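Subject: Structure handover

Hello,

I am passing on the structure we spoke about. Please open it alongside this email and follow the residues as they come up.

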Amino acid sequence: MVGLAALVFSRAFIAYSTSGLENAATHLLVVLTVLGWTRETRDTATSLRQLTHLSVLRGLLLLNRMDSIVLVSASHLKVGRPAAYSAASQDWIRTRWVAG
């Protein structure tokens, strides 16, 4: 028990034991992002939920490795546009700005 406590509170042991997790975490987050990206959405609520999940995953990727955001940045274009521009908002934009 004393040995375990010494390892848990040892800064060197914690740094050594967690130093190789960056690549594994990046791979896991990229796979989860791709799986979430390829899932079909049927309505606006599902699309907004998917956009939220993908935004959280992209944020975690950004915290893990700054350059990994390039791998999944295209997923925002596919998922973000339908969620942000629903049919009602497209009609509002069309009547207020285009016909205006």
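What follows is an account of what was found, starting with the whole chain and moving on to single residues.

Overall picture

Please keep in mind that this is a predicted model. The average pLDDT over the protein chain is 76, and 69% of the residues reach a score of at least 70. Confidence varies between the elements: helix 3 has the highest mean pLDDT, at 86, while helix 6 (residues 74–84) has the lowest, at 61.

The protein chain contains 7 helices and 0 strands. Read from the N terminus, the order of elements is therefore α-α-α-α-α-α-α, taking helices as DSSP runs of H or I with at least four residues. Of the 100 residues in the protein chain, 18% are buried. The area exposed by the protein chain is about 7600 Å², with 67% of it supplied by carbon and sulfur atoms. Among contacts with a separation of 6 or more, 64% are between residues 24 or more positions apart.

The nonpolar core

The largest nonpolar core has 6 residues in all: Leu29, Val30, Leu54, Leu57, Leu61 and Val72. At least two of these core residues come from each of helix 3 (21–38) and helix 4 (44–64). Helix 4 is the main contributor to this core, giving 3 residues.

Leu57 is one of the core residues. Once its neighbours within four places in sequence are left aside, Leu57 is in contact with Leu29, Leu32 and Thr33. Leu29 also belongs to the core.

Val72, another core member, can be compared with Val34, which is found in helix 3. Val34 and Val72 are 38 residues apart in sequence, and their C-alpha atoms are 7.7 Å apart in space. Val34 has a relative accessibility of 35% and so counts as partly exposed.

The loop between helix 4 and helix 5

Ser68 is located in the loop between helix 4 and helix 5 (69–72). Is Ser68 buried or exposed? Ser68 counts as buried, because its relative accessibility is 3%, below the 20% limit for that class. Not counting residues up to four places away in sequence, Ser68 touches Thr26 and Leu61, and Leu61 is part of the core described above.

His27, by contrast, is a residue of helix 3 and counts as exposed, with a relative accessibility of 54%. His27 and Ser68 are separated by 41 residues in sequence; from C-alpha to C-alpha, the distance in space is 9.6 Å.

Salt bridges

How many salt bridges does the structure hold? There are 2 salt bridges. In one of them, the side chains of Arg65 and Glu22 meet at 3.6 Å, N to O. This pair links distant parts of the chain, since Arg65 is in the loop between helix 4 and helix 5 whereas Glu22 is in helix 3, 43 residues apart. Arg65 is partly exposed, at 28% relative accessibility, and Glu22 is partly exposed as well, at 38%.

The side chains of Asp67 and Arg65 also form a salt bridge, at 2.9 Å, N to O. Asp67 has a relative accessible area of 47%, so it is classed as partly exposed. Through shared partners, the salt bridges join Glu22, Arg65 and Asp67 into one network.

The N-terminal surface

Which residues make the nonpolar surface patch of about 550 Å²? Met1, Leu4, Val8 and Phe9 make this patch. Leu4 is found in helix 1 (residues 2–8). With a relative accessible area of 54%, Leu4 is exposed. That value is over 30%, so Leu4 passes the accessibility cut-off for residues in a patch.

Where to start

For a first look, I suggest the core residues of helix 3 and helix 4, then the network of Glu22, Arg65 and Asp67, and finally the patch that includes Leu4. When you come to helix 6, please remember that its mean pLDDT is 61.

Regards

Key: Residues numbered from 1 in each chain as written. Predicted model: local features only at pLDDT ≥ 70, side-chain atom pairs only at ≥ 80, totals over all residues. Heavy atoms only, no water. Patch = residues over 30% accessible without salt bridge, like charges linked within 9 Å, V, L, I, M, F, W, Y side chains within 5 Å. Areas by Shrake-Rupley, 256 points an atom, 1.4 Å probe, with all protein chains shown as cover. Salt bridge = Lys/Arg side-chain N within 4 Å of Asp/Glu carboxyl O. Helix = DSSP H or I, 4+ residues; strand = E, 2+ residues; numbered from the N terminus. Buried < 20%, exposed > 50% of the residue type's maximum accessible area, 1.4 Å probe, protein only. Contact = heavy atoms within 4.5 Å. Core = buried A, V, L, I, M, F, W, Y, C linked by side-chain atoms within 4.5 Å. pLDDT = per-residue confidence, 0-100.
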